[in-house]
Amino acid sequence: MHTVFHYSEDSAIADFQPRLHPSHPSLPPLVWAIDAARAPMYYFPRDCPRIAFYAKPDSSAADKERFLGLTSAKMVIAIESRWYPILAQTTLYQYTFAADSFSCLDEGAGYFVSKEPVQPLQVTAMGDLLACLGEADIELRITPSLTPLKEALLDSSLHFSMIRMRNAR
């Protein structure tokens with residue numbers, strides 16, 4: 001069975017009801033989930049601003065060297081230093097859903113949505129989020145501000161996802 005995931009600091013969500021998404025005001029109310037490959041982008045406190053990036057098949061050699069040259073990780077996720085203690089102390093829960101009621105909204109981002117209410121198959125406490133990131137082959141980068149990285153990645157050939165940037169410095 002194919003599954004998709006949702007992450008929350010709340011361990012007691014029995015029903016996920018479709019709702020409007022503030023970053024996608026043109027879309028109808030939806031339940032949002034993420035595929036397994038991109039799930040580590042959500043191993044963070046909900047409001048934590050972060051930038052995830054990795055090479056695509058057509059990414060330039062120069063961009064791979066500039067942004068990924070000193071890592072063997074499959075993905076890099078950067079957060080601001082003020083969020084590190086919060087990340088280290090957060091308890092996060094993984095909600096697992098059967099993917100049959102979801103459709104893929106964005107293949108590159110791994111976003112899946114359902115127009116119908118859904119119930120989780122399983123809810124699991126994630127434990128040590130830093131360890132979970134390491135086990136997922138993610139390099140975590142800590143920086144005082146995400147703004148310089150954001151500006152640099154916008155002109156790059158890498159895949160990037162900028163999450164909760166409204167909370168960045």
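Student: Which side chain of opposite charge is nearest to Asp-63, and at what distance does it lie?

Tutor: This is a predicted model, in which local features need pLDDT of at least 70 and side-chain atom pairs count only at pLDDT 80 or more, while totals for chains, interfaces and linings use all residues. Residues are numbered from 1 along each chain as its sequence is written, and side-chain values use heavy atoms, with hydrogens and water left out. Lys and Arg count as positive, Asp and Glu as negative, and His and the chain ends are not counted. A salt bridge requires a side-chain nitrogen of Lys or Arg within 4 Å of a carboxyl oxygen of Asp or Glu. For Asp-63, the nearest side chain of opposite charge is that of Arg-66, 5.1 Å away, and Asp-63 has no salt bridge although it is buried. Buried denotes under 20% relative accessible area, exposed over 50%, and partly exposed the range in between (1.4 Å probe, protein chains only).

Student: Where is Asp-63 placed, and what does its side chain reach?

Tutor: Helices (H or I, at least four residues) and strands (E, at least two) are DSSP runs numbered from the N terminus. Asp-63 belongs to helix H1, residues 61-68. Its side chain reaches the backbone nitrogen of Ser-157 at 2.6 Å. Ser-157 itself is in the loop between helix H4 (147-154) and strand E10 (159-163).

Student: Is Ser-157 buried or exposed?

Tutor: Ser-157 counts as buried because its relative accessibility is 19%. A polar atom of the Ser-157 side chain lies 2.8 Å from the backbone nitrogen of Ser-60. With contact taken as heavy atoms within 4.5 Å, and neighbours within four places in sequence left aside, Ser-157 is in contact with Lys-56, Ser-59, Ser-60 and Asp-63. Asp-63, not counting residues up to four places away in sequence, touches Leu-68, Ser-156, Ser-157 and Leu-158.

Student: Which residues have a positive phi although they are not glycine?

Tutor: Asp-137 is one of them, with a phi of about 65 degrees; it is found in the loop between helix H3 (129-135) and strand E9 (138-143). At 37% relative accessibility, Asp-137 counts as partly exposed. Arg-164 has a positive phi of about 55 degrees and is placed in the segment after E10. At 15% relative accessibility, Arg-164 counts as buried.

Student: What is the secondary structure of the chain as a whole?

Tutor: The chain comes to four helices and 10 strands, following the pattern β-β-β-α-β-α-β-β-β-β-α-β-α-β along the sequence. Of its 169 residues, 45% are buried. Among contacts with a separation of 6 or more, 81% join residues 24 or more positions apart.

Conventions
Polar contact = N/O pair within 3.5 Å; in protein donor to acceptor, adjacent residues only side chain to side chain.
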